[in-house]
Amino acid sequence: MSGTLQFSRKGLKPAFECSLGTHLDKYTAGYLRYSTNFRLQETEDSFMLREEDSGMCTMVVRNTERYQTTASLQFGIPYTYAMLAHTWKLPEKKRKFRGALKIGTFGAILEYGVEEKITDHSSLGATMVVGTMGVICKLKLTRASQTYLFPFQLSDEVMLQPVFYGTVAPLLAWLTVKKLLLEPLELKRKEEAKEKLRQSMREKVAAARQEAEASLSLMEERFRRGRSEEEAKNGLV
């Protein structure tokens, strides 16, 4: 259960959300969620709280190491829709491919995109959205807990040319940046890490050699001292 209060030019926007979840098996979970959004507006003699939208959503999520599938159905005002989304995970390449289809009272929306982890704490993704609102290309940069989203409206209607350029242009730009900038930086970082490891090993070996030499010198000193004492007493050596 959660609530938010957003300040905007048109007034305050309170929101409320309540959800309930349960595990169906090791990889599958089910959720039931109710959400509603209001707007607080000032009139001539009072304040008016008006509900903008609300909905009850049921969702089933199956999440494994290789893929994640989500199916949801929402009944609400003003939108009622069904959604099916699937994400392919490639852990060895730190990459994800996602596709989603949403059909409802507003029409149909198709989404597809890719996300790749570029550092230990950063990831970069691109998503194409094709539907009743036109063609939109979304670029998303995630840095630790911060997320930056850049949507670009390529067309107000569904046309093949914006879909093609919105798909190919980010892919070519990403491959260019990756080959010319990111991969050399990653290779340099790995070489520096290897050099630090080699230097650390050399220092450890040198310290162990010095310790061994000190122990040997101490043993030789004790041997010479014991021998001198025995010779002074005409004892056995």
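Reader: Let's start with contacts. Of those between residues at least 6 apart in sequence, what percentage joins residues at least 24 apart?

Author: A contact means heavy atoms within 4.5 Å. In this chain, 24% of the contacts between residues at least 6 apart in sequence join residues at least 24 apart. Keep in mind that this is a predicted model, where local features need pLDDT of at least 70 and side-chain atom pairs count only at pLDDT 80 or more, while totals for chains, interfaces and linings use all residues. Residues are numbered from 1 along each chain as its sequence is written, and side-chain values use heavy atoms, with hydrogens and water left out.

Reader: OK, on to the overall layout. How many helices and strands are there?

Author: Both are DSSP runs numbered from the N terminus: H or I over at least four residues for a helix, E over at least two for a strand. Here you get 1 helix and 11 strands, in the order β-β-β-β-β-β-β-β-β-β-β-α. The radius of gyration is 32 Å, well over the 18 Å that the globule rule gives for 237 residues, so the chain is more spread out than a compact globule. That radius is taken over C-alpha atoms, and the rule is 2.2 Å times the number of residues to the power 0.38. The C-alpha atoms fill a box of roughly 115 × 45 × 45 Å along the principal axes.

Reader: What share of the residues is buried?

Author: Call a residue buried under 20% relative accessible area, exposed over 50%, and partly exposed in between (1.4 Å probe, protein chains only). By that cut, 18% of the 237 residues are buried.

Reader: Which residues form the largest nonpolar core?

Author: Such a core is a set of buried Ala, Val, Leu, Ile, Met, Phe, Trp, Tyr and Cys residues joined through side-chain atoms within 4.5 Å. The largest one here has 5 members: Met128, Val130, Val135, Cys137 and Val163. β9 (122–131) and β10 (134–143) each give two or more of them. Leaving aside residues up to four places away in sequence, Met128 touches a list that includes Leu110, Tyr112, Leu154 and Pro162.

Reader: Now the strands. How do β6 and β7 pair?

Author: Two strands pair if DSSP finds at least two bridges between them. β6 (81–90) and β7 (95–104) run antiparallel over 10 bridges, with Lys89 opposite Lys96 in β7. Then 10 bridges join β7 to β8 (residues 107–117), again antiparallel, and Lys102 stands opposite Ile109 in β8. That second hairpin has 2 residues between its strands.

Reader: Which residue takes a positive phi in the hairpin of β6 and β7?

Author: Start with the usual picture: most residues other than glycine have a negative phi, and most peptide bonds are trans. Lys94 has a phi near 55 degrees, in a hairpin with 4 residues between the strands, and Lys94 is partly exposed at 45% relative accessibility. Ala144 also has a positive phi, about 60 degrees; Ala144 sits in the loop between β10 and β11 (146–155) and is exposed at 57%.

Reader: And where is the cis peptide bond?

Author: Between Ile77 and Pro78, with omega about 5 degrees. Pro78 lies in the loop between β5 (67–77) and β6 and is partly exposed at 46%. Beyond four places away in sequence, Pro78 touches Glu52, Asp53 and Thr105. The C-alpha atoms of Pro78 and Gly55 are separated by 8.4 Å, though these residues are 23 apart along the chain.
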